[in-house]
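Subject: Structure handover

Hello,

Here is the structure I promised to pass on. Please open it first, then read the notes below.

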Number of protein chains: 2
Amino acid sequence: MRNSKQKDIILRALDEHKIHPTADELYQYIHKEHAEIGVATVYRNLNKFAEKGIIRKIVGLDGSSHFDSCLEPHYHFICSCCGKIYDIPMNIGKDLIAKAEEFTDCKITSMDITFRGLCRKCEDEHNGNFVFDEKETEMLLTASMS
Amino acid sequence: MRNSKQKDIILRALDEHKIHPTADELYQYIHKEHAEIGVATVYRNLNKFAEKGIIRKIVGLDGSSHFDSCLEPHYHFICSCCGKIYDIPMNIGKDLIAKAEEFTDCKITSMDITFRGLCRKCEDEHNGNFVFDEKETEMLLTASMS
DNA sequence: ATGATAATGATAATAATTATCATTATGGGA
DNA sequence: TCCCATAATGATAATTATTATCATTATCAT
């Protein structure tokens, strides 16, 4: 993999974002400063980085791809209401993997744990009105603000 | 939610499939016997069932939505090579959730655990040639068969 | 410096899912 | 049992995110 100005900019932009942006969100951000960089380049490189293990790709509740520059072992909390992804810097023992292998003949090499619930903001905003759909939620939030 | 002939057929078709099909896969299957049922109806109802908690929606490695008629507590193994999803009927204690809540101020209500690795078939077929990309894999498999 | 080739960017293409809307089916009440 | 408000359906248009194409440019080993 060759170096490029674009790769540097994309990696730096991701590092500046602790909110696990999608490729498109990151593109929008980069575009402000570097309008010369195309969408394809952002998508292409983020996926390439993830493949090489330089960054992590995480899948949101709605199937959208988010990227995480932190490689340290940690897990995520996804708000069922707004879809935002937060870090949970917990280190979970490998014994779960060993235990899981008793239930299958597949070779397990890693595990993903995602916690779900309501983030503080959403809990406050419409106290406990549990919603799965992001769009529905957006409407709810907008409505409650007006 | 009203009953309908279509809802029955969709639920029954999902029950018959233990492989966690996508909405489209299920539509293709249903279409053979019931050409009168439209795609929109299948997508619509599967999502509605998942919202109501009648079935489960699980997100594949590539962000695709799969559906699972089994509500019993169990986890999944996704093959990094072929993308197939297998059940792991293990029951994991709720203490992980309590532990995770120490690292966040979010209210955690559930957790998703997905194990990854190579399924037997993929391990045998190209012994240990670890590939993330499904399409790349498809090519590999095709190539090794000819 | 040079050349093979990897990377880029504009844009076309794809694929999965959702919205629209006219038509049909459901089920509670008279 | 029939009525009817309205939920559900199905054909298809629209949307959205992502990927493929390809001519041009940049990188880096020699």
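A residue counts as near a molecule or strand if one of its heavy atoms lies within 4 Å of it. This is a predicted model, so local features need pLDDT of at least 70, side-chain atom pairs count only at pLDDT 80 or more, and totals for chains, interfaces and linings use all residues. Residues are numbered from 1 along each chain as its sequence is written, chains are lettered from A and ligands numbered from 1 in the order in which they are written, and side-chain values use heavy atoms, with hydrogens and water left out.

DNA strand D

DNA strand D is surrounded by 19 residues. The closest are Arg2(A), Tyr43(A), Ser4(B), Thr41(B) and Arg44(B). Of the strand D atoms that come within 4 Å of the protein, 66% are sugar and phosphate.

Some polar contacts stand out (pairs of N or O atoms within 3.5 Å; within protein, one must be able to donate a hydrogen and the other to accept it, and residues adjacent in sequence count only if both atoms are side-chain atoms). Thr41(B) places a polar side-chain atom 2.6 Å from a phosphate oxygen of DNA strand D. Arg44(B) has a polar side-chain atom 2.7 Å from a base nitrogen of DNA strand D. For Asn45(B), a side-chain N or O atom is 3.2 Å from a phosphate oxygen of DNA strand D.

Helices and strands here are DSSP runs, numbered from the N terminus (helices: H or I, at least four residues; strands: E, at least two). Helix 3 of chain B gives the most to the surface near DNA strand D, with 5 residues. By class, that surface has 5 nonpolar, 8 polar and 6 charged residues. Ala, Val, Leu, Ile, Met, Phe, Trp, Tyr, Cys and Pro count as nonpolar, Asp, Glu, Lys and Arg as charged, and the others, Gly among them, as polar.

DNA strand C

Around DNA strand C there are 20 residues. Ser4(A), Thr41(A), Arg44(A), Arg2(B) and Tyr43(B) are the closest. Sugar or phosphate makes up 66% of the strand C atoms within 4 Å of the protein, and bases the rest.

Thr41(A) has a polar side-chain atom 2.6 Å from a phosphate oxygen of DNA strand C. A polar backbone atom of Glu36(A) is 3.0 Å from a phosphate oxygen of the strand. Gln6(A) brings a polar side-chain atom to 2.9 Å from a sugar or linking oxygen. Two or more residues of the surface near DNA strand C come from each of helix 1 (5–16) and helix 3 (39–52) of chain A, and helix 3 (39–52) of chain B. Helix 3 of chain A gives the most, with 5 residues. The classes near DNA strand C are 5 nonpolar, 8 polar and 7 charged.

The two chains

How are chains A and B related? A rotation of 180 degrees with 0.0 Å of shift along its axis superposes chain A on chain B, with RMSD 0.1 Å. The fit is by least squares on the C-alpha atoms of residues with pLDDT of at least 70 in both. That is the relation of a two-fold axis. The same surface serves both copies: 100% of the contact residues of chain A recur in chain B. Contact means heavy atoms within 4.5 Å.

Regards
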